[in-house]
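Student: Hey, got a minute to go through this one with me? I'd like to poke at loops, pockets and the core.
Tutor: Sure, put it up and fire away.

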Amino acid sequence: MPPHKIETGHQDMVHDIVMDYYGKRLATASSDNTIKIIGVSGTSQQQLATLSGHQGPVWQVAWAHPKYGSMLASCSYDGRFIIWKEAGKPDEWTQAYTFTEHKSSLNSIAWAPHELGICLACGSSDGNISVFTARSDGGWETTRIDQAHPVGVTSVSWAPAMAPGALISPGPSGQFEYVQKLASGGCDNTVKVWKLTNGSWRMDCFPALQMHDWVREVAWAPNLGLPKSTIASASQDGTVVIWTAPKEGEQWEGRVLNDFRTPVWRVSWSLTGNILAVSDGNNNVTLWKEAVDGEWQQVTTVEP
């Protein structure tokens with residue numbers, strides 16, 4: 001399918017654009033403090049809604065899994081994140097929840113895998129990560145990772161809910177085991193892995209995974225229950241590193257996918273976790289795939 005241009009209607013820079021589960025709607029985040037919902041079908045598009053509630057640039061948006069209804073989360077420079085719900089009528093949105101725990105810019109937000117319930121994590125310039133989990137009584141339970149990256153958290157990404165290797169070796173009860181793990185990146189040039197154990201988050205990789213400049217984004221790959229875990233990290237210095245742990249509890253090893261010689265802003269995995277999309281500062285989007293020998297090869301370039 002040839003690319004086609006989408007007019008967002010924003011009055012300032014667009015920082016994020018995310019397609020919903022069914023590929024029918026786009027949510028966009030902008031420095032004009034708003035979020036736009038755009039319907040897409042083939043080459044046609046339609047402006048559906050404008051969400052106003054933030055008092056600063058909106059950095060990221062994220063759709064919840066549709067099993068929980070039509071919900072969207074957003075985070076902003078104003079230090080707040082908002083959960084939006086579609087009201088009784090289509091394309092009418094309301095602010096369902098507003099969280100103001102952080103006093104600095106909220107830079108990243110991510111919903112947990114749907115198997116873990118209504119749960120999301122956010123990372124802030126204050127160095128902390130907060131995880132919010134919905135309770136059955138309508139309230140929220142909050143856990144924090146204090147000073148996860150002391151000079152600022154730039155990105156958070158959830159691990160697959162299914163424990164590594166669960167497809168090959170299920171738990172003692174014969175049921176698949178679920179785990180809660182996060183990867184985070186920060187302005188301290190590190191990638192860290194966190195695991196929820198007995199109600200508190202603890203670092204799960206020692207030492208932290210070292211980059212040479214700010215980490216712009218981390219993305220944990222789907223693994224379909226296989227033993228190997230994989231994380232991609234993108235850096236201000238232009239490098240993308242693929243981190244792998246062959247089995248649960250083993251050391252993470254890093255391999256440079258490529259040096260793009262310009263800041264890399266976003267990395268995103270395919271649903272099966274075997275293709276990585278990379279967006280860099282030269283306005284290029286490239287797709288990469290791991291070869292049999294473990295080397296990563298460029299598959300194609302997505303023309304702007």
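Student: Which loop does R261 lie in?
Tutor: R261 is in the loop between β21 (253–259) and β22 (264–269). Keep in mind that this is a predicted model.

Student: Is R261 buried or exposed?
Tutor: R261 counts as exposed, because its relative accessibility is 72% and the cut-off for exposed is over 50%.

Student: And what's its phi, for R261?
Tutor: Phi of R261 is near 60°, so a positive value in a residue that isn't glycine. As background, most residues other than glycine have a negative phi.

Student: Which other non-glycine residue has a positive phi?
Tutor: Q147 has one, with phi of about 50°. Q147 sits in the loop between β12 (140–145) and β13 (153–158).

Student: How accessible is Q147?
Tutor: Its relative accessibility is 40%, so Q147 counts as partly exposed. That class covers what falls between the buried cut-off, under 20%, and the exposed one, over 50%.

Student: Switching to omega. Is the peptide bond from F206 to P207 cis or trans?
Tutor: The F206 to P207 bond is cis, with omega near -5°. In general, most peptide bonds are trans.

Student: Where is P207 found?
Tutor: P207 is in the loop between β16 and β17 (209–210).

Student: Since β16 came up, which strand does S200 lie in?
Tutor: S200 lies in that one, β16, which covers residues 200–203. S200 is partly exposed, because its relative accessible area is 26%.

Student: How far is S200 from R144?
Tutor: In space they are 8.0 Å apart, C-alpha to C-alpha, while in sequence S200 and R144 are 56 residues apart.

Student: What about T197, which strand is that in?
Tutor: T197 is in β15, residues 190–197. T197 is partly exposed too, with a relative accessible area of 30%. From T197 to I38 the C-alpha separation is 40 Å, with their positions 159 residues apart along the chain.

Student: And where does D188 lie?
Tutor: D188 is in the loop between β14 (181–186) and β15. Its relative accessible area is 22%, so D188 counts as partly exposed. The C-alpha atoms of D188 and D204 are separated by 18 Å, and the two are 16 residues apart along the chain.

Student: OK, now the core. Which residues touch the most other members of the largest nonpolar core?
Tutor: Those are I129, V131, I145, W158, L182, W194 and W201, in a core of 16 residues. Two or more residues each come from β10 (119–124), β11 (129–134) and β13. The largest share is that of β13, with 3 residues.

Student: Why would a core like that form in the first place?
Tutor: As a general tendency, nonpolar side chains in soluble globular proteins are buried together.

Student: Empty space next. How many cavities of 30 Å³ or more turn up?
Tutor: A search of the whole structure gives 1. The largest cavity has a volume of about 30 Å³.

Student: What lines the largest cavity?
Tutor: The lining is A159, P160, M162, P164, K181, W220, N223 and S229. By type, that lining divides into 5 nonpolar, 2 polar and 1 charged.

Student: And pockets, what's the volume of the second largest one?
Tutor: The second largest pocket comes out at about 280 Å³. It has 16 lining residues, and the closest to its centre are P222, K228, T230, T272 and G273.

Student: Which strands supply at least two residues of that lining?
Tutor: For the second largest pocket, β19 (229–235) and β24 (285–290) each do. The lining is made up of 6 nonpolar, 7 polar and 3 charged residues.

Student: Zooming out, how is the protein divided into domains?
Tutor: There's domain 1 (1–100) and domain 2 (153–303). Their C-alpha centres lie 25 Å apart.

Student: Last thing, where does UniProt place the WD repeat feature?
Tutor: The UniProt record, an unreviewed entry, puts "repeat: WD" at residues 51–85 and 182–204. In the model, residues 51–85 are 0% helix and 54% strand, with end C-alpha atoms 11 Å apart. Residues 182–204 are 0% helix and 74% strand, and there the end C-alpha atoms lie 9 Å apart.

Notes: Residues numbered from 1 in each chain as written. Predicted model: local features only at pLDDT ≥ 70, side-chain atom pairs only at ≥ 80, totals over all residues. Heavy atoms only, no water. UniProt positions renumbered as here; feature names shortened; annotations may be inferred. Helix = DSSP H or I, 4+ residues; strand = E, 2+ residues; numbered from the N terminus. 1 Å grid on protein atoms, 1.4 Å probe; cavity = no way out; pocket = protein on both sides within 12 Å on 5 of 7 lines; lining within 4 Å. Points joined across faces, edges and corners; volume = space filled by probe spheres on them. Nonpolar A, V, L, I, M, F, W, Y, C, P; charged D, E, K, R; others polar. Domains from an automatic or database assignment. Buried < 20%, exposed > 50% of the residue type's maximum accessible area, 1.4 Å probe, protein only. Core = buried A, V, L, I, M, F, W, Y, C linked by side-chain atoms within 4.5 Å.
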